[in-house]
Amino acid sequence: VSSKNKEEEDKLNKNKKKISSQIEKNFINYYIKIKKFLKNGSPLVTIKREACGGCFNIVPPQKQSEIIENKEMVLCEHCGRILLDIKNYNII
């Protein structure tokens, strides 16, 4: 492994620790759990055309409101993925 790659890896690990400390432990644990069971795709998805970005089932309007309010983790009722409102995040 080159020293440049090692430096980049160290930098990414430092950022990971910093970001992880700002996220609720329940969220991280659920993310890791669901990631193990998914064969394709991300545990984090957005709503596209009123449907889950993972399984494409319709997300009820009440759930969509909860996602926009961003007060708690909202899961897809069909596939269990974590639903996000893209406007609330600068990372995606």
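**Exercise 1. Decide whether Gln64 is buried or exposed in this predicted model, and find what surrounds this residue.**

Start with accessibility: Gln64 has a relative accessible area of 19%. The cut-off for buried is under 20%, so Gln64 counts as buried. Next, place the residue: Gln64 sits in helix H3, which covers residues 61-69. Now look for partners beyond four places in sequence: Gln64 touches Ile47, Glu50 and Val59. Finally, check the polar side: a polar atom of the Gln64 side chain is 2.7 Å from the backbone oxygen of Val59.

**Exercise 2. Work out which strands stand at the edges of the open sheet.**

First get the order: the four strands run E2-E1-E4-E3, and the pairing is mixed. Strand E2 (51-52) and strand E3 (74-75) each have a single partner strand, so they're the edges, with one side of each lacking a neighbour in the sheet. Then zoom in on E3: this strand pairs with E4 (residues 82-84) in the antiparallel sense over two bridges, and Leu75 stands opposite Ile82 in E4. Last, add the helix: H2 (residues 25-37) packs on the sheet and touches E1 (44-48), E3 and E4, its direction making about 115° with that of E4.

**Exercise 3. Explain why the sulfur of Cys76 isn't bonded to that of Cys55.**

Check the distance: the two sulfurs are 3.6 Å apart, which is too far for a bond; a disulfide needs them within 2.5 Å. That fits the overall tally of zero disulfides. Then compare accessibility: Cys76 is buried at 6%, whereas Cys55 is partly exposed at 24%.

Terms used
Residues numbered from 1 in each chain as written. Predicted model: local features only at pLDDT ≥ 70, side-chain atom pairs only at ≥ 80, totals over all residues. Heavy atoms only, no water. Pairing = 2+ DSSP bridges. Contact = heavy atoms within 4.5 Å. Axes fitted to C-alpha atoms, helices over the stretch in contact; angles between N-to-C directions. Buried < 20%, exposed > 50% of the residue type's maximum accessible area, 1.4 Å probe, protein only. Polar contact = N/O pair within 3.5 Å; in protein donor to acceptor, adjacent residues only side chain to side chain.
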